[in-house]
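Trainee: Can we go through this one term by term? I'd like to hear what stands behind each label.

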Amino acid sequence: MSHRRSARLSAASLEVKENMLPAKSSTPPKMANISKKRKNPASEPVTASNDDAASPSTPKRKRATKPIPPMTPTPSAIGLMAAPVGFEDMAPPPINRLAVPNGTNATLVTPETHRVVANKPLDHVSPSKASKVKTTSGNILEEAVAHLIQVEPKLKPVIEKHPCHMFSPEGLVEEIDPFMSLTSGIISQQVSGAAAKSIKAKFVALFNPDQPNATLHKFPTPSQVCSSKIEILRTAGLSQRKAEYVLGLAEKFHKGELTTSMLFTASYEEVLEELIKVRGLGKWSVEMFACFGLKRMDVFSTGDLGVQRGMAVLAGKNVSKLKAGKGGKWKYMGEKEMEEMAEKFRPYRSLFMYYSWRVEDVDISSMGS
């Protein structure tokens, strides 16, 4: 009995082995009904790894994409920082005041009492001294433009296309609230210009609940902000940190640790030292405030990407071929190279920065090197 069973098992084993061998008959073996569009990998002999790469289950390799340079939103940010107090239809007429390239030329106002802090009007200077005055708010922009063109003729078409309002007689008479300017700078950090404008409008609206007309809203004073809470400030769209920064800045002004008079009379180095102590105000923010809030004519920022890019274009570099450096940080020019190039524009480097942002808007290739 066991002998017969062993014989049957041997025969079955032989049959299985024969079925595994290629068929001698010309008739192909029966296969499952498979779509013509896709072959069954099991019906194909396993060969090289190329078949694996062609398998539909293997994801396609992603094409390497070129890194996109980050946006340089500085002009829109400084637009908020340089926004004057009051309304456009209430702009005061130009006043010819004393002006200095290395000092504050803005017409500042105190946040709480709206007291004007500014350079002396020329008609208040004694006649004997007035005759010796060369630079005023009425001509400082003209002097600066003439200096820039003399040093770098390539800038002439850029200057002609983009007149600078901020340092003009009309711009210098606009009243700047330093608390409002610095707060706007904090709001503008790391967001687009449109987003910053929207958040600022909502922030101001929090302190004007009885005025439905947004165009008549007044920017809050430091004491008003101090009386508010972080949770309320955040409803305007501020992040937790930004709300803390704004409240901390308001406390500095409210306690007298920061004053309009100090910001007006202090040297640039003193302004930088005092404001960097405030949470939320880094070096770039203070540089932009000194330049476009205080309207000092000789501020220069090596850390501003827009200035770097414009200077690189002015120097004849192909910025489209520049790549991100280590850590993914973009750099169009080194700090030392920027400082050396900007040195010749003293004492009007603020205006040079202003036009560096706009160099790419104008074809300067036809200008002499």
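Mentor: Let's start with contact, which means heavy atoms within 4.5 Å. Bear in mind that this is a predicted model, where local features need pLDDT of at least 70, side-chain atom pairs count only at pLDDT 80 or more, and totals for chains, interfaces and linings use all residues. Residues are numbered from 1 along each chain as its sequence is written, and side-chain values use heavy atoms, with hydrogens and water left out.

Trainee: Which helices do the buried residues of H14 pack against?

Mentor: They pack against helix H8 (178-188), helix H13 (260-265) and helix H15 (283-292). Helices here are DSSP runs of H or I with at least four residues, strands are runs of E with at least two, and both are numbered from the N terminus. The protein chain has 18 helices and 3 strands.

Trainee: Which residues of H14 are buried?

Mentor: In helix H14 (residues 268-276) they are Tyr-268, Val-271, Leu-272 and Leu-275. Buried means under 20% relative accessible area, exposed over 50%, and partly exposed in between, with a 1.4 Å probe and protein chains only.

Trainee: What puts those four on the same side of H14?

Mentor: They cover an arc of only 100° around the axis, so they sit on the same side of H14. The arc is that of the directions from the helix axis to the C-beta atoms. An α-helix has 3.6 residues a turn, so residues three or four places apart point the same way. The face of H14 turned away from the buried side carries the exposed residues Glu-269 and Glu-273.

Trainee: Over in helix H8, where Ser-181 lies, why does Ser-181 count as buried?

Mentor: Its relative accessibility is 1%, and the cut-off is under 20%, so Ser-181 is buried. Leaving aside neighbours within four places in sequence, Ser-181 is in contact with Met-81, Ile-176, Phe-289 and Gly-293.

Trainee: What makes H15 largely enclosed by the rest of the structure?

Mentor: 8 of the 10 residues of H15 are buried, so the label fits. Among them are Glu-287, Phe-289, Cys-291 and Phe-292.

Trainee: How do you know that Cys-291 has no disulfide to Cys-164?

Mentor: A disulfide is a pair of cysteine sulfur atoms within 2.5 Å. The sulfur of Cys-291 is 8.5 Å from the closest cysteine sulfur, in Cys-164, so that is too far for a bond. By this rule the count is 0 disulfides. Cys-291 is buried at 0% relative accessibility, and Cys-164 is buried at 4%.

Trainee: And what is the largest nonpolar core made of?

Mentor: A nonpolar core is a set of buried Ala, Val, Leu, Ile, Met, Phe, Trp, Tyr and Cys residues joined through side-chain atoms within 4.5 Å. The largest has 85 residues, and those with the most contacts inside it are Phe-203, Phe-292 and Leu-351. Helix H12 (residues 240-254) gives the most to this core, with 7 residues. Setting aside neighbours within four places in sequence, Phe-292 is in contact with residues including Ile-78, Met-166 and Trp-357.

Trainee: What is the order of the strands in the sheet?

Mentor: The order is E2-E1-E3, in an open sheet of 3 strands with mixed pairing. Strand E2 (116-117) and strand E3 (175-176) are the edge strands, as each pairs on one side only. Two strands pair if DSSP finds at least two bridges between them. Strand E1 (residues 107-109) and E2 have 2 bridges in the antiparallel sense, so they meet that rule.
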